[in-house]
Amino acid sequence: MMDKIQKRLLEEVADLHEIPAGAYNIRANGQMTARNTTASINIVSKEGKSGIDIRIKPGTKKESVHIPVILSKSGFKEVVYNDFYIGNDCDVVIVAGCGIHNSGALDSQHDGIHRFFVGRNAKVKYVEKHYGTGEGYGKRILNPVTEVYQEEGSYVEMEMVQIKGVDSTIRTSKAVLSKGAKLVIKERLMTHGKQKATSIYEVELKGEFSNADVISRSVAKDYSNQSFEANIIGANICNGHAECDAIIMDQARVLSIPKLDARHMDAMLIHEAAIGKIAGEQLIKLMTLGLTEKEAEECIVNGFLK
């Protein structure tokens with residue numbers, strides 16, 4: 001049975017108020033606490049190391065997989081390896097994410113390594129949320145690694161969200177796209193205090209007419225530090241787009257590193273970056289409606305991240 005803290009973490013990272021329908025694997029403090037498979041989706045524990053294999057049969061439509069991880073023990077650290085095998089012509093939603101509650105003096109850390117093997121003409125939506133809470137001095141550390149291998153005609157949409165409470169994170173994502181495949185990545189990030197967040201994306205547009213769109217929206221507050229690096233490799237006739245849009249506040253720092261690598265004369269690659277403070281006229285307009293300056297800032301930030 002999960003306690004109140006663990007249930008709260010589960011709600012934050014996976015929007016779960018109860019055990020979900022469909023396939024799921026819920027992990028708490030290094031142990032599998034609940035699992036369910038379906039006729040189309042099988043989940044099996046790995047042998048020799050922590051993690052699971054998720055196999056989705058070809059043609060599976062309108063099904064979901066939830067694989068949240070929650071940590072509530074101070075000082076607990078783990079590395080988990082999860083592999084997803086999505087068959088041809090699937091249309092599925094995968095919800096992951098990790099929540100850490102640390103009320104102690106020792107650092108807590110979860111490093112999840114996820115690999116996705118996406119079949120021909122399959123469609124996948126992947127949602128990964130990170131959340132941290134707890135009043136302890138120990139840090140809440142998350143270092144996710146994501147690898148995506150897309151076969152011909154497949155479509156993958158990835159929503160990466162980290163809004164609160166994570167002291168340090170290094171997100172490393174790599175994708176290789178075959179002919180006609182499309183990848184859309186939407187990152188939403190907010191840091192505060194002395195938090196540090198690094199996002200590294202590398203997308204290889206290997207097949208002809210492949211397409212990638214990598215978009216980051218972030219807010220850096222207080223003394224926090226953010227770094228965003230997007231490397232798009234155009235190895236064929238293709239379209240690649242990376243965009244970083246950040247609001248900087250207080251004494252924070254934001255670094256955007258574009259890298260476009262064209263290896264074909266018909267590779268169309270674009271990078272856009274904009275970093276700036278909240279416009280004064282926006283604050284004034286909201287304050288004339290009765291909001292305090294702090295309330296106006298929060299309203300603008302929340303709207304920007306949504």
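I took strands as DSSP runs of E, at least two residues long, numbered from the N terminus. The model I looked at is predicted.

**Entry: T191**

I looked up T191 to place it in the fold. T191 belongs to strand 16, which covers residues 182–191. I then asked whether T191 is buried or exposed. Its relative accessibility is 0%, so T191 counts as buried. Setting aside residues up to four places away in sequence, I listed what T191 touches: A197, V219, A220, K221, S224 and Q226.

**Entry: nonpolar cores**

Which residues have the most contacts inside the largest nonpolar core? I noted V65, I86, F116 and M158, in a core of 41 residues. Another core lies apart from it and has eleven residues; V219, I247, M249 and A296 are among them. I had already met V219 as one of the residues that T191 touches.

I followed I86 further. Without its neighbours within four places in sequence, I86 is in contact with I56, I94, F116, F117, V118, G119, A122 and V124.

**Entry: aromatic pairs**

How many aromatic pairs does the structure hold? I recorded five. I went through two of them, beginning with F84 and F116. The rings of F84 and F116 are stacked, at 4.4 Å centre to centre and with 5 degrees between the planes. F84 lies in strand 7 (residues 77–86) and F116 in strand 10, so the pair ties together parts that are 32 residues apart in sequence. Both F84 and F116 are buried.

The other pair I checked joins F116 to Y126. It is edge-to-face, with 4.8 Å centre to centre and 65 degrees between the planes. This pair links distant parts of the chain, with F116 in strand 10 and Y126 in strand 11, ten residues apart. Y126 is buried, as is F116. I therefore wrote the three rings down together, since F84, F116 and Y126 form one aromatic cluster, with stacked planes counted under 30 degrees apart and edge-to-face planes over 60.**Entry: cavities**

I moved on to enclosed space. Rolling a probe the size of a water molecule over the atoms shows where empty space is left. I counted four cavities of 30 Å³ or more.

The largest cavity holds about 110 Å³ of space. It is lined by 13 residues, and those closest to its centre are C98, H110, G112, H114 and E128. Which strand gives the most to this lining? Strand 10 does, with three residues. Strand 10 (108–118) and strand 11 (123–133) each supply at least two residues of the lining. By class, I noted five nonpolar, seven polar and one charged residues in the lining of the largest cavity.

The second largest cavity has about 60 Å³ of space. I listed its lining as M160, Q162, T169, R171, E187, R188, L189, A197, T198 and S199. Where in the fold do these come from? Strand 14 (155–164), strand 15 (168–177), strand 16 and strand 17 (196–205) each supply at least two residues of the lining of the second largest cavity. The lining of the second largest cavity divides into three nonpolar, four polar and three charged residues. A197, one of these lining residues, is also on the list of residues that T191 touches.

**Entry: positive phi**

Next I looked at backbone angles. Most residues other than glycine have a negative phi. I noted N29 and D89 for positive values.

N29 has a phi near 50 degrees, positive in a residue other than glycine. I found N29 in the loop between strand 1 (23–28) and strand 2 (31–36). The relative accessible area of N29 is 12%, and N29 is buried because this falls under the 20% cut-off.

D89 is not a glycine either, and its phi is positive at about 60 degrees. D89 sits in the loop between strand 7 and strand 8 (91–95). What is the relative accessible area of D89? I recorded 38%, which makes D89 partly exposed.

**Entry: I300**

My last lookup was I300, in helix 3 (residues 293–305). I300 is buried, with a relative accessible area of 13%. Leaving out residues up to four places away in sequence, I300 touches I278, Q282, L283 and L286. I also took the separation between the C-alpha atoms of I300 and A279, which is 9.7 Å for residues 21 apart along the chain.

Definitions and conventions: Residues are numbered from 1 along each chain as its sequence is written. This is a predicted model: local features need pLDDT of at least 70, side-chain atom pairs count only at pLDDT 80 or more; totals for chains, interfaces and linings use all residues. Side-chain values use heavy atoms; hydrogens and water are left out. Helices (H or I, at least four residues) and strands (E, at least two) are DSSP runs, numbered from the N terminus. Buried means under 20% relative accessible area, exposed over 50%, partly exposed in between (1.4 Å probe, protein chains only). Contact means heavy atoms within 4.5 Å. A nonpolar core is a set of buried Ala, Val, Leu, Ile, Met, Phe, Trp, Tyr and Cys residues joined through side-chain atoms within 4.5 Å. On a 1 Å grid over the protein atoms alone, a cavity is a set of points where a 1.4 Å probe fits but cannot get out, and a pocket is an open set with protein on both sides within 12 Å along at least five of seven lines; lining residues have an atom within 4 Å of a point. Grid points are joined across faces, edges and corners, and a volume is the space filled by probe spheres set on the points. Ala, Val, Leu, Ile, Met, Phe, Trp, Tyr, Cys and Pro count as nonpolar, Asp, Glu, Lys and Arg as charged, and the others, Gly among them, as polar. Rings of Phe, Tyr and Trp (its six-membered ring) pair if their centres lie within 6.5 Å; planes under 30 degrees apart count as stacked, over 60 as edge-to-face and the rest as tilted.
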